[in-house]
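Biologist: Before we use any structural terms, could you take me through what lies behind each of them?

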Amino acid sequence: EMKLLVDFHYSDFWADPGKQQPPKAWQHYSLSEKTAAIRDDTTNSLQAFADAGITVSMVQVGNETTGGFCGEWTPEGQYTLMAAAAKAIREFDPTIQIAVHYTNPEKGGYATFARWLQEYHVDYDIFASSYYPAWHGTPENLSAQLKAVADGYGKQVMVAETAWDHISYDANTTGAYPYSVQGQADAIRDVVQTVHSIGGIGVFYWEPAWIELPNTSWEERAALWERYGTGWASSYAGEYDPEDAGKYYGGSACVKQALFDEKGYPLESLMTFQSVRTG
């Protein structure tokens, strides 16, 4: 049976450390109104999954909530909402595991986030981190950051996002690993080893299936991106996120990180996930 992790961004668009806009319908809500809305939205969403016959095994409360959450940028606002979402999940189905998600382990601070989660009574099971070797420091630092939470607060830990490029368009570019299929496999293996070494529960790869469109002209591909909303975003996303998606829509910055080639065939690096189980 394949288990499902549902990641609620609680936004009309992507959420990350720089983008934690609330849904447009909630923009003018007070904190108490938003708390009620996030509780009801979480419950209704989980009910919709259940009605469709889908078993949800884990729910992630927010995406990369390092700097804020759903339009709240103070600890009180952020963690009040996160506590409401977690409570709704627990009341809906106590068997669902609850994860919280942060990023930028190279900046430290995971123990501080865990302390705030405790102070504001956020009920969760798993503390998750993004870890991209190109940006997020050494595996040793990732290990130290997650271990501080696991040991200090008794939580499970995992990596919710990781990736590495399987190809480089610039032969002069260097990184922590070669930009090749083998380099991609090595990066995955090392992240899994790091998490496993501290008793972590797993690693998620993002985004393995975001492959390139056929090698046609830029204009033809741009028309497909706009028509079908593929890639990073269409121009319509500017209504939600004018400073980022509204300017840089179309295409994807992640196609080189895919675990499939441009024709959709799996790369050998995809087998790394099986190999780490068998040795």
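Modeller: Let us start with a pair of helices in this predicted model. In H1, the residues Leu31, Lys34, Thr35, Ile38, Arg39, Thr42, Thr43, Leu46, Gln47 and Ala50 meet Gly77, Thr80, Leu81, Ala84, Ala85, Ala88, Ile89 and Phe92 of H2. Sorted by class, this contact of H1 with H2 has 10 nonpolar, six polar and two charged residues.

Biologist: What makes these residues count as being in contact?

Modeller: The term is used for residues whose heavy atoms lie within 4.5 Å, and the residues listed from H1 and H2 meet in that sense.

Biologist: Why is H1 called roughly parallel to H2?

Modeller: The axes of helix H1 (residues 31-51) and helix H2 (residues 75-92) come within 9 Å and cross at roughly 30°. Angles under 35 degrees count as roughly parallel, and therefore H1 is called roughly parallel to H2. As for its handedness, the crossing of H1 past H2 is right-handed.

Biologist: What makes the peptide bond between tryptophan 206 and glutamate 207 a cis bond?

Modeller: The angle to look at is omega, which is about 0° for the cis peptide bond that joins tryptophan 206 and glutamate 207. Glutamate 207 itself belongs to the loop between helix H5 (181-197) and helix H6 (218-228).

Biologist: What is the phi of tyrosine 10, and where is tyrosine 10 found?

Modeller: Tyrosine 10 has a positive phi, about 55°, although this residue is not a glycine, and its place is in the loop between strand S1 (5-8) and H1.

Note on methods. Residues are numbered from 1 along each chain as its sequence is written. This is a predicted model: local features need pLDDT of at least 70, side-chain atom pairs count only at pLDDT 80 or more; totals for chains, interfaces and linings use all residues. Side-chain values use heavy atoms; hydrogens and water are left out. Axes are lines fitted to C-alpha atoms, for helices over the stretch in contact, and angles run from 0 to 180 degrees between N-to-C directions. Helices (H or I, at least four residues) and strands (E, at least two) are DSSP runs, numbered from the N terminus. Angles under 35 degrees count as roughly parallel, over 145 as roughly antiparallel, 65 to 115 as roughly perpendicular and the rest as oblique. A crossing is left-handed if the near helix is turned anticlockwise from the far one by less than a right angle, and right-handed if clockwise. Ala, Val, Leu, Ile, Met, Phe, Trp, Tyr, Cys and Pro count as nonpolar, Asp, Glu, Lys and Arg as charged, and the others, Gly among them, as polar.
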